[in-house]
Each structure stands twice: as structure tokens, then as C-alpha cells.
Amino acid sequence: MDNIILDLGAISGSINVQIVRKNIKNVHLKVFRDLRVVVSVPSTVSDDWLTVFLQSHVKWIEGQVAKYKKSSGYNTLSNIRGGTSTQLLGKDVRIYKVASLTNRIELEEKRICLYMTNPEDEQLAQNLFNAWWRDTAIQLYTSEMQSLHRKIFIKHNVKEPSIVVRKMNTLWGSCSPARNKITLNEYLLKADLRCIQYVILHELAHLIYPNHSKQFYNFLTIYMPDWEERKKQLDNEVVQGL
């Protein structure tokens, strides 16, 4: 049995649960932001036990699916509207529009507040949000890149590269060693800071090792021993273009 179809009720409907059998002792049930449900179990667990286990966790799974559905529709960072949600640095944040004499954005705890002279102007809200998001990404990425450069790359005689930030559909980042430039995805700002640091280190490492060679991965492991864990978290928890 590699999959189980689980009925979550009239609202959420049926969902496919992926079964992963491993040489482990405990059961791990996860619901990801792309609405995948994966359960990892010991190889000896029977199909009947799995069915009973999943049925006993239907309410929890339904709650997780509902939470991610509520925010995932706006993870493209487009169609910004008051009351919707997105991810920022690994956390769900809600967007609010507030009437104001000036146009600006303020980040509060779990809130992105758009202060606008005309809260009904959707294009103004989108433009304001886009500019704020891009500026925030550039500032954070630059700060983290400079920190990693000082700690690691100066001693390898690597010149500090320039950073370009843009929207990318399939890559978190890229590197152009010949131009001493790294490009980072705007959507990466949704990720936990640890994941952002991993991507930046990955791209900086390409200034020394252009290819994904054994030496390249050894370099990552020396300077970030948990890079594989960070990469897995990034790939599983951050939704780019729903």
C-alpha cells in the first residue's frame, strides 16, 4: 500500500495520503503547505493498522488542510486584499488595509498593515505591497550575504558579489561566477531565516565551486552541517506559485 484515500468530509472532500515505509520506530504524520499528506511508518506496520491510525487523525488533518487552503491562494504575492494571508520568514501573516493620510507599510506581530490614502484602490495596494516586499527582501538578503561573506568567503579570497532579486518560478537562487553575481528569488522571503541562509551559502559556494561536485557539498557541510535539513524544510514548507 503506497497511498490511502482519506475522506475528510463534505467541506474538504477526499485526500490522497502518501505512505512511506522506512526502517524507523515511530510514526510521523505531516501535512505540507502544498496540501500533501505524508505518513512515514515502520516497515512492519500493517495496512489495517494504518487505516485505523489515519481515521483517528482525520480531524487534525482536516484542520491543517483548512489552514493551508486559507492562506495558500495568495502565495503568489498577487491580488493583495485585506484579510488575506501569506508567509513571511516562515510564519503566516495576515494583511490588513488601514485608511491613512500617507501610503506606507508597517510590519507588526503576525500583521502586515497597509496604510493607504484610499484603501479601496486595489492597484495602489498591490504596488505598495510589491515595493515593500522587494525592498525588504533586498535588505535582508544583502545583510545575510555580507555576514556569510565576512565569516567564510573573505578567507577564500572571494570578492563580495552583487545581488539581484527577482521572481523565479523554479529556482530559489542562481549564481554567475564570471559576473560575480548571485540572483535570489523574491519568494524566498517567505522562508524561515535558516532556509534563506542555506540558499545564500549555496549560491556563494558556487563562486568557488561552479558545479555541484563532491567538493562543493563538502564545503557546504563544513560551514553548515545541517544544510540538508534546511533544504528539506525549504522544499517542503514554502509554497511558491499557487
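The side chains of Glu-186 and Arg-134 come together in a salt bridge, at 2.3 Å from N to O (a salt bridge here is a side-chain nitrogen of Lys or Arg within 4 Å of a carboxyl oxygen of Asp or Glu). This pair ties together distant parts of the chain: Glu-186 sits in the loop between β11 (181-185) and α4, Arg-134 belongs to helix α3, and the two positions lie 52 residues apart. Helices (H or I, at least four residues) and strands (E, at least two) are DSSP runs, numbered from the N terminus. Glu-186 is buried, at a relative accessible area of 4%, whereas Arg-134 is partly exposed at 31%; buried means under 20% relative accessible area, exposed over 50%, and partly exposed in between, with a 1.4 Å probe and protein chains only.

A word on the model itself: it is predicted, so local features need pLDDT of at least 70 and side-chain atom pairs count only at pLDDT 80 or more, while totals for chains, interfaces and linings use all residues. Residues are numbered from 1 along each chain as its sequence is written, and side-chain values use heavy atoms, with hydrogens and water left out.

Back to the charged pairs. The count of salt bridges comes to seven. One of them joins Asp-47 to Arg-21, with the closest N and O atoms 2.7 Å apart. Here too, distant parts of the chain are linked, since Asp-47 is in helix α1 (residues 47-56) and Arg-21 in strand β2 (residues 14-22), 26 residues apart. Asp-47 is partly exposed, with a relative accessible area of 30%, and Arg-21 also counts as partly exposed, at 30%. Another salt bridge runs between Glu-106 and Arg-104, where the closest N and O atoms are 3.0 Å apart. Glu-106 is partly exposed at 32% relative accessibility, and Arg-104 is partly exposed at 32% as well. Then there is a network of salt bridges, which links Arg-194, Asp-226, Glu-229 and Arg-230.

Arg-230 also turns up in helix α6 (residues 227-237), where it is buried along with Trp-227, Gln-233, Leu-234 and Asn-236. What do the buried residues of α6 pack against? Their partners are α4 (193-205) and α5 (214-223), with contact taken as heavy atoms within 4.5 Å.

Now for the sheets. One is an open sheet of four strands in the order β5-β6-β8-β7, with mixed pairing; two strands pair if DSSP finds at least two bridges between them. Its edge strands are β5 (85-88) and β7 (104-108), each of which pairs on one side only. From one strand to the next, the twist averages 35°. Inside this sheet, β6 (residues 91-99) and β8 (residues 111-116) pair in the parallel sense over six bridges, and Lys-97 has Leu-114 in β8 as its bridge partner. Helix α3 (residues 122-153) lies across β5, β6, β7 and β8, running at about 130° to β8. For such angles, axes are lines fitted to C-alpha atoms, for helices over the stretch in contact, and angles run from 0 to 180 degrees between N-to-C directions.

The second is an open sheet of three strands, ordered β9-β11-β10, again with mixed pairing. β9 (162-166) and β10 (173-176) stand at its edges with a single partner strand each, so one side of each is left without a neighbour in the sheet. The twist here averages 20° from one strand to the next. β10 and β11 run antiparallel and are joined by four bridges, with Leu-184 in β11 as the bridge partner of Gly-173. Helix α3 comes back into the picture, lying across β9 and β11 and running at about 150° to β9. Helix α4 packs on the sheet too: α4 touches β10 and β11, and its direction makes about 155° with that of β11.

Finally, Val-38 in strand β4 (residues 37-42). Is Val-38 buried or exposed? Val-38 is buried, because its relative accessible area is 12%. Leaving aside residues up to four places away in sequence, Val-38 touches Gln-18, Val-20, His-28, Leu-29, Lys-30 and Phe-32. As for Asn-16, it lies 22 residues from Val-38 in sequence and 8.9 Å from Val-38 in space, C-alpha to C-alpha.
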